[in-house]
Amino acid sequence: MKCKKIFLDKIDSTNKWAKEHTDQVFSEDLTIVHADEQTAGKGRFGRHWESPQGENIYATFCFRINAQCLHLISLAQVMTLSIAKILIKLGLQPKIRWPNDILLSNKKVSGVLCEISHTKGLCEVFLGVGINVDTPKEILEKIDQPATCLQKHIIKKYKKGEILDLLEIQFIHDLDLFLAQGFAPFLCEYENLMAYIGEEICCENQGKKWVGICHSLTNDGQLNLYLPNKEIIALQAADVTLRVKK
Ligand code: BTN
């Protein structure tokens with residue numbers, strides 16, 4: 001797979017920029033657009049992603065896929081697992097909060113925003129990755145949920161470029177496997193790293209709310225939630241929080 005990187009000093013959002021420059025981002029098999037600072041970083045569910053200048057990763061992985069987009073639902077989870085695996089290689093113990101969040105000591109360190117456009121039978125994929133590498137304390141405190149950065153958990157200083165290079169290698173490997181075999185090869189690894197299994201969680205999406213026990217994954221990466229009436233439902237997308245017992 002041929003890969004190129006485009007570096008931008010300061011931009012509103014790498015996902016937005018990539019979607020506006022399709023001629024540049026689809027000239028190779030994979031293009032990684034990354035920036036030093038984002039002025040309007042986007043998170044899932046329309047949230048803001050804190051993106052100060054400095055040692056954090058703001059990157060969008062862009063590629064076209066000649067496939068049924070239905071099958072692509074779990075692509076962001078493949079990227080989430082790629083991130084978790086490189087953090088393990090750095091000596092960390094990440095957990096995945098389904099579907100796309102990485103936690104360290106129960107605090108969010110990374111998130112993935114997947115945007116897909118459909119053009120002439122092709123899917124154009126924009127996988128936005130935010131990783132807090134070395135984030136000032138006052139920025140972490142501004143985030144609307146407990147958040148952390150890698151540097152709080154490792155002694156060795158890593159440059160964000162080194163981490164992005166590791167992620168590029170890991171993701172290219174994982175994407176090839178996903179395109180050949182779907183989510184099946186990732187299922188066990190993903191489930192083993194999942195946070196909250198067996199615990200009571202709250203799942204919210206588009207004004208709907210479910211409370212139940214975080215049970216397992218379906219074969220294609222959906223969340224099996226065990227409801228109080230003993231029914232198990234599969235959720236395709238949701239915002240998950242741990243239910244605090246009163
Ligand atoms: C989330 O957890 O809500 C997803 C966060 C994704 C943030 C990244 S930073 C690079 C890319 N550009 C954006 O505007 N957002 C994603």
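Trainee: Which residues in helix 3 meet residues in helix 5?

Mentor: Two residues are in contact when they have heavy atoms within 4.5 Å. By that rule, L75, V78, M79, S82, I83, K85, I86 and K89 in helix 3 meet I163, L166, L167, Q170, F171, D174, L175 and F178 in helix 5. The residues of this contact divide into 11 nonpolar, 2 polar and 3 charged. Here Ala, Val, Leu, Ile, Met, Phe, Trp, Tyr, Cys and Pro count as nonpolar, Asp, Glu, Lys and Arg as charged, and the others, Gly among them, as polar. A general idea helps with such lists: an α-helix has 3.6 residues a turn, so residues three or four places apart point the same way.

Trainee: What should I know about the model and its numbering before I go on?

Mentor: This is a predicted model, in which local features need pLDDT of at least 70 and side-chain atom pairs count only at pLDDT 80 or more, while totals for chains, interfaces and linings use all residues. Residues are numbered from 1 along each chain as its sequence is written, and side-chain values use heavy atoms, with hydrogens and water left out. Helices (H or I, at least four residues) and strands (E, at least two) are DSSP runs, numbered from the N terminus.

Trainee: How many Å should helix 3 span, and how far apart are its end C-alpha atoms?

Mentor: The expected span is 1.5 Å times one less than the number of residues. Helix 3 covers residues 75–89, so its 15 residues should span 21 Å, and its end C-alpha atoms are 21 Å apart, which agrees. Try helix 5 too: its 22 residues should span 32 Å and its ends are 31 Å apart, so this also agrees.

Trainee: Which way do the two helices cross, and what is the angle between them?

Mentor: Axes are lines fitted to C-alpha atoms, for helices over the stretch in contact, and angles run from 0 to 180 degrees between N-to-C directions. Helix 3 and helix 5 (residues 160–181) pack at about 135°, and their axes are 9 Å apart. Angles under 35 degrees count as roughly parallel, over 145 as roughly antiparallel, 65 to 115 as roughly perpendicular and the rest as oblique. This pair is therefore oblique. The crossing is right-handed, meaning that the near helix is turned clockwise from the far one by less than a right angle, whereas anticlockwise would be left-handed.

Trainee: How many residues of helix 3 are buried?

Mentor: Buried means under 20% relative accessible area, exposed over 50%, and partly exposed in between (1.4 Å probe, protein chains only). In helix 3, 13 of the 15 residues are buried, so the rest of the structure largely encloses this helix. The buried residues of helix 5 include K160, L164 and I172. Strand 1, strand 2 (30–38), strand 3 (57–65), helix 3 and strand 7 (122–131) are among what covers the buried residues of helix 5.

Trainee: Is K5 buried, partly exposed or exposed?

Mentor: K5 lies in strand 1 (residues 3–11) and counts as partly exposed, because its relative accessibility is 33%. Leaving aside neighbours within four places in sequence, K5 is in contact with I32, H34, L164, D165 and E168.

Trainee: Where is L104, and which residues is it in contact with?

Mentor: L104 lies in strand 5 and is buried, with a relative accessible area of 2%. Beyond its neighbours within four places in sequence, its contacts are L92, Q93, P94, V109, T148, L150 and H153. L104 and K152 are 48 residues apart in sequence, and their C-alpha atoms are 9.7 Å apart in space. K152 sits in the loop between helix 4 (137–142) and helix 5 and counts as exposed at 51% relative accessibility.

Trainee: Which residues have a positive phi, and which peptide bond is cis?

Mentor: Most residues other than glycine have a negative phi, and most peptide bonds are trans. Just after helix 3, G91 has a positive phi of about 95°, and G182, which follows helix 5, has a positive phi near 70°. S105 is not a glycine, yet its phi is positive, near 45°; Q206, also not a glycine, has a positive phi of about 45°. S105 counts as exposed at 58% relative accessibility, as does Q206 at 77%. The cis peptide bond joins W98 and P99, with omega about 0°, and P99 is in the loop between strand 4 (95–97) and strand 5 (101–104).
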